[in-house]
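Me: I should like a close look at a single part of this protein, followed outward to the elements around it. Please keep to what the model itself supports.

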Amino acid sequence: MLVNDIKIIGGGSAGWMTAATLISQFPDKKITLVESPNISTVGVGESTLGHINTWLALLGIEDEDFMPHCDASYKLSIGFENFYRKDSGQFHYPFGSPYTQENIADLNDWYFKKFLYPDTPVSDYAECLFPQMALVNKNRIFKNDNQDLPLFSFKRDVAYHMDATKFGLWLKDHYCIPRGVSHVKSEVKFTKVNNDVGIEYIVLDNDKKIKADLFVDCTGFSAILIDKALNEPFESFKDVLPNNSAWATRIPYKNKKKELVSYTNCTAIDNGWVWNVPLWSRIGSGYVYSDRYVSDDDALLQFQKHIKKGDELEYKKIKMRIGIHKNTWVKNVCAIGLSAGFIEPLESNGLYSVHEFLFKLVRTLQREHVSQWDKDVYNSATKTEFLSFMEFVAFHFALSHRDDTEYWRDVMNRQYSKNLVEHIPSWASGFVTNTFDKMRGYSFYNSGGIHCIATGMHWFPTDFPSIKSLNYEADIDYWKSKWQLPINNMNERKNKWSQISKKAPKLLDVLKTIHS
């Protein structure tokens, strides 16, 4: 099919990110966004990953262009608290690459430190391998690459906390409409389906019929085109991911200087976990849980107890559809955002899936004529990436040893991967690949965050029995003498990075200049 006329159905961050992407790359195509004037957006995606910088660069958007309009702040890391066991403390997954240039055994240098000095906390892992953790610990930030902190790049390693609803509105007013995107406020009244084409036309509430070469479904969990009109099967992740509900709220700052930090914090509690996202003017917080283990009312009470707040705040209840459609491009309909699928809020994957799907959509549309082969390739690429991220999120639960509630006991005892049990290798499977790396290869890959999550959950690839079995050397004093110098080097780098970070401006001061 020839794609020149594209209609995006649904607004919000997904709809306007789609419109912005398409108008930036295909200014000669007719791009129209139709959104209901009566439906509010979900608005849980207030935290991003560093990958969003590639998308912003594609569109030519600078951080200071949108940040003042979106209540935004900078984000360097994600903290996880009490996921391993109740009261087990916090560990971090910082953005960017680990520093291993001077190590003897890559990431494994730290694991030697851990088993030779067992009292070393797992939080030390990120501090010894990620220079930017010194910035996180001191709540400071460098805004340029002209500094002595190795590997750290502001353009690559910094993400954002933002009000996703405001971000969508900024894209609409400052990017999309000025570049020629047509905006229609109207309800979808009726959808005419043609078995050969897909959507033949859509009737709006003013009885106007609209047609398109391609319809993009950005209607959120309702998925009115891909699901309700085309009936594309939905594949649930409920057997792997336990959570399906959330309570969300906005918390005023008490001590902004202390509470406005450069990371999203995730804290495991009774029947799920609580996010804490510090924006410029307030904190976004929410309790992600499973209604199979706790009622919505009791979950709200647990949430209020955790944040030490009551009815003085407004709370929004969200029901989440966890999974993905079998295909997200069917005939002349492509689903982007929640209408395509959703994992759960852990690891800030909501907006991530939007811009990563959009990259692949752009690559597909570059050919102008789209064949079934093109759609099949798109579906394969997007689903593979989505399932890989799903497995990454599931790792946070699979590696937990919490057993203090029925929820966590079931989390610990559920089976996460048939591929593991049935010994089916797959390059796309995070479970299989990382299990093989740890159990057979005594290592983790440097890229990605699995090594940070695994370490924080005490799932180490290197241990003393393994070293003895491989090297026939049983004397721990021997290993201490062999590894003391690399361990000392790690400790010295950690202290050096801490000193360098003192030169960086305070996070609050940097943000003040942006929001002034």
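How many of the 5 residues of strand β5 (residues 90-94) are buried?

Reply: The model is a predicted one. In strand β5, 4 of the 5 residues are buried, and the strand is thus described as mostly covered. Its pairing is with strand β4 (residues 77-81): β4 and β5 are antiparallel and are joined over 5 bridges. Within this ladder, Phe80 has Phe91 of β5 as its bridge partner.

Phe80 leads from the strand pair to a helix. Among the residues in contact with His396, neighbours within four places in sequence being left aside, are Phe80 and Phe83. His396 belongs to helix α13. The contacts of His396 also include Leu346, Glu347, Ile453 and Met457. His396 has a relative accessible area of 1%, and because the limit for a buried residue is under 20%, His396 counts as buried.

Helix α13 spans residues 372-398 and meets helix α16 (residues 430-439), the two axes coming within 9 Å and crossing at roughly 60°. The two helices are therefore oblique to each other. On the α13 side, the contact is made by Glu391, Ala394, Phe395 and Ala398; on the α16 side, Gly430, Phe431 and Asn434 take part. By character, the residues of this contact comprise 4 nonpolar, 2 polar and 1 charged.

The loop that lies between α16 and α17 (450-456) holds Tyr442. Tyr442 is not a glycine, yet its phi is positive, near 55°. Most residues other than glycine have a negative phi. Tyr442 is partly exposed, with a relative accessible area of 26%. A positive phi also occurs at Ala223, where the value is about 45°. Ala223 lies in the loop between β11 (214-217) and α9 (224-229). With a relative accessible area of 0%, Ala223 is buried.

Helix α13 also has a sheet to consider. The sheet in question is open and has 3 strands in the order β12-β18-β21, paired in the antiparallel sense. Its edges are β12 (234-236) and β21 (341-342); each has a single partner strand, so one side of each lacks a neighbour in the sheet. Helix α13 packs on this sheet and touches β12, β18 and β21, its direction making about 175° with that of β18. Strand β18 (residues 323-325) runs antiparallel to β21, and 2 bridges join these strands. Opposite Gly323 stands Phe342 of β21.

One last point concerns the cysteines. The search of the whole structure finds 0 disulfides. For Cys70, which is in no disulfide, the nearest cysteine sulfur is that of Cys176, 12 Å away. Cys70 has 0% relative accessibility and therefore counts as buried. For Cys266, the closest cysteine sulfur is in Cys452 at 14 Å, which is too far for a bond. Cys266 is likewise buried, its relative accessible area being 2%.

To return to the starting point, β5 is mostly covered and pairs with β4. Phe80, the bridge partner of Phe91 in β5, is in contact with His396, a residue of helix α13. Helix α13 in turn meets α16 and packs on the sheet formed by β12, β18 and β21.

Definitions and conventions. Residues numbered from 1 in each chain as written. Predicted model: local features only at pLDDT ≥ 70, side-chain atom pairs only at ≥ 80, totals over all residues. Heavy atoms only, no water. Disulfide = S-S within 2.5 Å. Buried < 20%, exposed > 50% of the residue type's maximum accessible area, 1.4 Å probe, protein only. Axes fitted to C-alpha atoms, helices over the stretch in contact; angles between N-to-C directions. Parallel < 35°, antiparallel > 145°, perpendicular 65-115°, else oblique. Contact = heavy atoms within 4.5 Å. Nonpolar A, V, L, I, M, F, W, Y, C, P; charged D, E, K, R; others polar. Pairing = 2+ DSSP bridges.
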